[in-house]
Amino acid sequence: MGVFITFEGIEGAGKTTQAKLLCEYLLNEDKKAVLTREPGGTETGKKIREILLSKTTEIFPPKAELFLYEADRNFHVHNVIKPYLEKGYFVICDRYIDSTLAYQGYARGLDINLIKMLNDIAVEGVYPDLTFLIDIPVEISLKRLGEEKDRIESEDIQFHRRLREGFIKIAQENPERIVILDGTKDIDHIFQQILNHLKARGVL
Ligand code: TMP
């Protein structure tokens with residue numbers, strides 16, 4: 001089996017940059033590695049992502065949003081994550097189960113136990129070996145967002161505050177899996193910390 005590493009954080013935290021750096025580093029080291037993301041890590045998932053992020057005049061019920069993220073995840077687990085792990089790859093994933101807990105749970109207000117249950121159903125036993133949570137203050141997050149915001153980015157500042165607190169709570173509840181990194185530090189510094197953690201855990 002390969003190694004499953006996820007990156008999490010609020011908007012603009014820099015997780016996508018770090019996920020890419022890690023995948024490039026692993027490939028340079030002649031390791032088998034693949035970079036993927038949620039939502040949208042599969043062909044069908046790209047269509048689900050489009051539905052989730054585009055603005056609509058219709059009511060977008062929070063439970064429908066939750067089901068779509070979980071459907072995207074189940075497609076992803078079957079078509080990408082599980083097959084690559086079985087082939088011994090490092091699978092680097094930009095967002096996974098913790099995003100649903102933080103966004104649809106802590107920020108949106110859906111029942112945390114319901115989300116845990118649906119996450120469990122969607123992942124079919126495929127949990128991350130290690131998760132990096134890149135943490136930044138909400139004010140910096142909102143500043144880093146451009147003018148063109150998608151449906152979720154357009155939520156108000158209170159939503160983003162609940163989101164950040166939610167992520168920190170999830171990390172505190174899973175200290176053996178989730179490492180919190182300070183996203184206000186420069187890119188190279190954060191990446192070095194990621195490598196140090198992987199080496200300390202014997203993953204590299
Ligand atoms: P991205 O900006 O990292 O590509 O993620 C797309 C958006 O989807 C982002 O606003 C976070 C949100 N999201 C959820 O609300 N729940 C989830 O389960 C996932 C994976 C992402």
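Start by selecting Lys 169 and Glu 173: their side chains meet in a salt bridge, with 3.3 Å from N to O. Keep in mind as you look around that this is a predicted model. Both residues sit in helix H7, 4 residues apart, which means about one helical turn separates them. Now switch on the surface. Lys 169 counts as partly exposed, at 38% relative accessibility, and Glu 173 is partly exposed too, with a relative accessible area of 44%.

**Next stop: more charged pairs**

Side chains of opposite charge can pair when their charged atoms come close. In this model the count comes to 11 salt bridges. For another one, pick Lys 185 and Asp 182, whose side chains meet at 3.1 Å, N to O. Lys 185 is partly exposed at 40% relative accessibility, and Asp 182 is partly exposed at 32%.

There is also a network to show as sticks: Glu 65, Arg 108, Arg 151 and Glu 155 are joined by salt bridges that share partners. Zoom in on Arg 151 and Glu 65, which form a salt bridge of 2.9 Å, N to O. Which parts of the chain does this pair tie together? Arg 151 lies in the loop between helix H6 (138-144) and H7, while Glu 65 lies in helix H3, so the link joins parts that are 86 residues apart in sequence. Are these two buried or exposed? Arg 151 is buried, and so is Glu 65.

**Now the sheet**

Hide the side chains and go to cartoon view. Look for an open sheet of 5 strands with parallel pairing, in the order E2-E3-E1-E4-E5. Colour E2 (33-37) and E5 (178-182): these strands stand at the edges with a single partner strand each, so one side of each has no neighbour in the sheet. Turn the view and check the twist: on average, neighbouring strands of this sheet are turned by 20 degrees against each other, direction ignored.

Then select residues 3-9 and 130-135. These are E1 and E4, which pair in the parallel sense over 5 bridges. If you'd like one bridge to look at, take Thr 6, whose bridge partner in E4 is Thr 131. Add residues 187-200 to the selection and you have helix H8, which lies across E1, E4 and E5 and runs at about 155 degrees to E5.

**Into the interior**

Select residues 97-107, which make up helix H4. Why is H4 described as largely enclosed by the rest of the structure? Because 10 of its 11 residues are buried. Among them are Ile 97, Leu 101, Tyr 103 and Ala 107. What do the buried residues of H4 pack against? Light up E1, helix H3 (62-86), helix H5 (112-123), E4, helix H7 (157-173) and E5, and you have their packing partners. Just after H4, click on Gly 109, which takes a positive phi of about 100 degrees.

**Last stop: the ligand**

Finally, centre the view on the ligand. It has 14 residues around it, and those that come nearest are Glu 11, Tyr 69, Arg 95, Thr 100 and Gln 104. Two of these names may look familiar: Thr 100 and Gln 104 are also among the buried residues of H4. A polar side-chain atom of Thr 100 lies 2.6 Å from an oxygen atom of the ligand. For Tyr 69, a polar side-chain atom is 2.8 Å from a ligand oxygen. Finish with Arg 73, where an N or O atom of the side chain is 3.4 Å from an oxygen atom of the ligand.

Conventions
Residues are numbered from 1 along each chain as its sequence is written. This is a predicted model: local features need pLDDT of at least 70, side-chain atom pairs count only at pLDDT 80 or more; totals for chains, interfaces and linings use all residues. Side-chain values use heavy atoms; hydrogens and water are left out. Two strands pair if DSSP finds at least two bridges between them. Helices (H or I, at least four residues) and strands (E, at least two) are DSSP runs, numbered from the N terminus. Axes are lines fitted to C-alpha atoms, for helices over the stretch in contact, and angles run from 0 to 180 degrees between N-to-C directions. Contact means heavy atoms within 4.5 Å. Buried means under 20% relative accessible area, exposed over 50%, partly exposed in between (1.4 Å probe, protein chains only). A salt bridge is a side-chain nitrogen of Lys or Arg within 4 Å of a carboxyl oxygen of Asp or Glu. A residue is near a molecule or strand if one of its heavy atoms lies within 4 Å of it. A polar contact is a pair of N or O atoms within 3.5 Å; within protein, one must be able to donate a hydrogen and the other to accept it, and residues adjacent in sequence count only if both atoms are side-chain atoms.
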